[in-house]
Each structure stands twice: as structure tokens, then as C-alpha cells.
Amino acid sequence: MLKINQIELFEINLPLVHFFETSFGRTYERRIILVRVEDVSGAEGWGECTAGETPSYSEEWTDAAWAVIERIIAPVVIGVEVENAAKIWDLMKQIRGNRMAKAAVETACWDLEAKKLGVPLWRHLGGINKEIACGVSIGIQDSVEQLLEKIKTEVDAGYQRIKIKIAPHWDYEVIKKVRETFGDIQLMGDANSAYTLNDIDKLKSLDEFDLMMLEQPLPHDDIIDHAKLQMQISTPVCLDEPIKSPEDARKAIELRSGKIINLKNGRVGGHSESKRIEKLCREAGIPVWCGGMLESGIGRAHNIAISTLAGYTMPGDVSASKRYWHEDIIEPAVEVSVSGTITAPESAGIGFEVKRGLIERLAVRKNLLAF
Ligand code: OSB
Ligand code: MG
């Protein structure tokens with residue numbers, strides 16, 4: 001049985017080591033909400049909200065998610081007994097959308113439960129691969145030279161695949177240069193919805209680069225046009241933004257909107273929903289991989305845990321802490337081996353120590369919600 005009796009919220013502001021640019025804009029500093037849940041026994045669990053600073057990737061953003069957790073989710077979760085962490089999602093069913101806000105609380109409950117059971121979270125979630133494959137996501141740069149330099153750093157570090165952000169001003173010629181420089185590395189592009197079917201010729205032309213996949217070329221809420229596109233290009237389409245639930249995944253698979261899914265805990269509402277989508281995709285023969293949302297160590301640790309499930313068969317956007325932060329909020333920082341892997345930790349829960357003192361110092365606002 002699981003009963004949360006208090007939820008603590010922190011907002012921390014963390015400057016990125018290097019700005020991150022996608023087709024919808026540049027991020028220099030993250031405004032991250034962290035959630036700490038505690039039960040009657042005093043056991044704790046930590047989660048992270050992956051909402052961005054603006055409603056650009058999805059409708060959710062930091063201030064909105066804060067209000068939703070504080071005023072809508074906390075009252076629904078606090079003081080209510082459920083069978084286990086897997087049932088927290090059901091408790092929140094009456095609340096529509098707001099999946100990143102829900103995931104922050106839901107994943108924290110999974111951490112708490114795994115800690116109480118004394119098992120690593122990844123095993124508690126049903127993970128089987130202790131070693132996960134890692135890729136990197138590299139934003140749009142000021143120059144192609146700068147991009148090539150960044151790719152070299154990551155290839156040399158051992159990362160198993162390189163994803164570059166693309167947009168109509170930063171695609172064909174850039175990818176061509178990358179292929180010329182690095183040969184047949186595992187390479188993919190992520191457009192974050194920067195194209196429409198009117199760009200079909202441009203998108204077709206990318207087939208010559210033998211990309212591992214093309215992530216979310218078309219609008220953020222579309223699965224129809226993606227199916228039309230997939231019929232006309234040989235590069236596998238990977239869906240990110242529109243897959244928010246197991247039902248979305250089922251429909252996209254039925255429509256053949258893509259061949260691969262980037263699965264993000266935040267976007268789908270937490271571990272329980274990720275587990276359901278992973279299972280559905282595995283049974284349908286659709287590979288999934290764990291996406292990233294420029295998480296701090298807590299979200300990163302949850303991403304490592306879920307990536308150990310059998311269906312996560314491709315390298316994820318789960319990479320080392322030092323690529324993002326001067327100092328991460330967990331101990332030890334996440335490190336990647338020379339062969340581009342992360343080993344899931346054996347200690348209980350997320351398996352990393354949360355630096356509460358640092359979080360308190362970084363916090364620009366806090367709130368303690370109790371029954
Ligand atoms: O589309 O995958 C995306 C970051 C913010 C918002 C959307 C995306 C991303 C990334 C970054 O690609 C992945 C990472 O955390 O390194
Ligand atoms: Mg994406």
C-alpha cells in the first residue's frame with residue numbers, strides 16, 4: 001500500500017553549459033520543477049517535471065505545471081491510499097492532459113516505492129538491460145563548423161548515435177557536410193515539427209543520407225500526414241510530440257504514421273504510461289527509445305531506469321550530466337562509458353543521491369503541501 005502524505009515542490013534555475021537550439025527556439029537556462037514525495041513512514045521519492053520554459057514543445061510550461069501540481073494534482077494524491085505506485089496514474093485520471101505535471105509526481109512515487117522495497121527502480125519497473133545504449137541530441141549551432149566540432153567531441157566520447165536538430169534553414173547542406181566529415185556514423189535528424197507536406201521534395205531529398213530516422217518532421221499534433229509522408233520516403237519516420245498516450249501509439253501504429261517512437265516519460269505522464277506504450281510497441285514490432293528534455297539528474301535517473309525495459313532497443317537521448325550542467329543535483333553525476341553506455345545503478349530507487357542542500361540553495365521558490 002502507498003499513501004503520500006506530503007509533496008514538496010522546488011523550482012530551480014540551472015544554466016546550460018551550452019545553449020540548446022531547436023526549430024522552436026533557444027534555451028540558455030532551464031527552469032526546472034522538482035518534486036519530493038513523502039509517505040507516513042518518512043520514506044521519500046524524487047521526480048522532475050520536464051515542462052519547458054515556454055509552451056513551445058507542448059502546451060505545458062514551468063509556471064503552468066507548478067500551478068497544476070500545487071492546486072490540482074497534490075490535493076488528489078495527498079492522503080489517498082493506493083495499492084502501489086502503478087495506481088497513482090489512475091488516481092489522476094480525472095485530470096485531463098498536464099502529463100508532464102503528472103509525471104513529476106508519478107515518477108517520484110515509483111522512486112519512493114522502490115526505495116521502500118530496497119530495490120533499484122529499473123528492476124522494479126521491469127527492466128532487463130542493466131546497460132543502456134546512449135546517443136546525443138545536438139542543437140542548431142551558429143555555424144556548421146561549430147556543429148562538426150560538437151559532433152567530433154561526442155563521437156570521440158563513444159556515443160552510439162548522433163541526432164542533430166534540423167529546420168528548413170539547417171538541413172540538406174548541413175547533413176551533407178556531416179556525412180562527408182564523419183562517414184557512416186549512426187545519424188538522425190529531429191525537426192520538431194518544422195515542415196509540412198508542402199516540403200515533400202526537401203524531405204524526400206534527405207533519403208540519400210541514409211539517416212537512421214527522421215524525427216517529427218510534421219506538425220506536433222499530426223499522425224495523418226506523417227503516414228502520407230512515410231509512404232513516400234525510405235527514411236524511417238520517428239514520432240515524438242503527438243504520442244501522448246497508449247491510445248495515440250496504437251492509432252499511429254495502425255495508421256503507419258512512423259516506424260519508431262521516441263518515448264518520453266514526461267510527455268506521456270510517467271512510468272506507468274511509458275510501460276504500457278513500451279509493451280504495445282514491443283508487441284507490434286515498433287522499436288522505442290528514451291527521449292530527453294534537457295533534464296537535471298533526477299529526470300535523467302528516471303530516464304535511465306525506464307530505458308532498461310526490453311522494448312527500448314535503440315540508443316536514447318540519455319547522456320552524461322556534464323554535457324548539460326556544471327554541477328548536477330545528484331551524486332554521482334551521470335557518466336557514460338567509452339562504448340557509449342550507461343550502467344543502471346544497483347542501489348535502491350533511482351540509485352543516485354539527491355543533493356538536497358544544493359537544491360535548497362538553487363531554489364527560487366518552494367512549497368510544502370501536506371494533508
Ligand atoms: O524533441 O527531443 C526533442 C529537448 C527539448 C525539447 C524537445 C527535444 C529535446 C531534445 C534534447 O532533443 C534531448 C536531450 O535531453 O538531450
Ligand atoms: Mg524530438
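In this predicted model, an open sheet is built from 7 strands that follow one another in the order β6-β7-β8-β9-β10-β11-β12, and the pairing between them is parallel. Strands of a sheet pair through backbone hydrogen bonds, either parallel or antiparallel. The two edges of this sheet are β6 (135-138) and β12 (288-290), each of which pairs on one side only. At the β12 edge, the pairing with strand β11 (residues 260-263) runs in the parallel sense over 3 bridges, and within this region Leu263 has Cys290 of β12 as its bridge partner.

The sheet also leads the reader to the metal site. The magnesium ion (ligand 2) has three protein donor residues, namely Asp190 (OD), Glu215 (OE) and Asp240 (OD), which lie 2.0 to 2.3 Å from the ion. Along the sequence these donor residues follow the spacing D-x24-E-x24-D. Distant parts of the chain are linked in this way, since Asp190 belongs to strand β8 (residues 187-190) and Glu215 to strand β9 (residues 214-215), 25 residues apart. Both Asp190 and Glu215 are buried.

From the metal site one can turn to the backbone that follows strand β8, where Asn192 lies in the loop between β8 and α7 (200-205). Asn192 is not a glycine, yet its phi is positive, at about 40°. Most residues other than glycine have a negative phi, and most peptide bonds are trans. Asn192 counts as buried because its relative accessible area is 7%, a value under the 20% limit used for that term. A second residue of this kind is Asn98, which likewise has a positive phi, of about 50°, without being a glycine. Asn98 sits in the loop between α2 (88-91) and α3 (99-117), and with a relative accessible area of 27% Asn98 is partly exposed.

The loop that holds Asn98 ends at helix α3, and helix α3 in turn packs against helix α1 (residues 62-77), with an angle of about 50° and with the two axes 9 Å apart. Because of that angle, α1 is described as oblique to α3, and the crossing in which α1 passes α3 is right-handed. On the α1 side the residues that meet the partner helix are Ala65, Val68, Ile69, Ile73 and Val77, while α3 contributes Ala101, Lys102, Ala104 and Val105.

Another pair of helices can be read in a similar manner. Two packed helices are described by the angle between their axes and the distance between the axes. For helix α5 (residues 144-157) and helix α6 (residues 172-182), the axes come within 11 Å and cross at roughly 45°, and α5 is therefore oblique to α6. The crossing of α5 and α6 is right-handed. The contact draws on Val144, Leu147, Leu148, Ile151 and Lys152 from α5, and on Val174, Lys177, Val178, Thr181 and Phe182 from α6.

A last feature of the backbone lies further along the chain. Glu331 and Pro332 are joined by a cis peptide bond, for which omega is about -10°. Pro332 has its place in the loop between β13 (330-331) and β14 (341-343).

Definitions and conventions: Residues are numbered from 1 along each chain as its sequence is written. Chains are lettered from A and ligands numbered from 1 in the order in which they are written. This is a predicted model: local features need pLDDT of at least 70, side-chain atom pairs count only at pLDDT 80 or more; totals for chains, interfaces and linings use all residues. Side-chain values use heavy atoms; hydrogens and water are left out. Donors are N, O and S atoms within 2.8 Å of the metal (3.2 Å for Na, K and Ca); water is not among the atoms, so sites may look incomplete. Helices (H or I, at least four residues) and strands (E, at least two) are DSSP runs, numbered from the N terminus. Buried means under 20% relative accessible area, exposed over 50%, partly exposed in between (1.4 Å probe, protein chains only). Two strands pair if DSSP finds at least two bridges between them. Axes are lines fitted to C-alpha atoms, for helices over the stretch in contact, and angles run from 0 to 180 degrees between N-to-C directions. Angles under 35 degrees count as roughly parallel, over 145 as roughly antiparallel, 65 to 115 as roughly perpendicular and the rest as oblique. A crossing is left-handed if the near helix is turned anticlockwise from the far one by less than a right angle, and right-handed if clockwise. Contact means heavy atoms within 4.5 Å.
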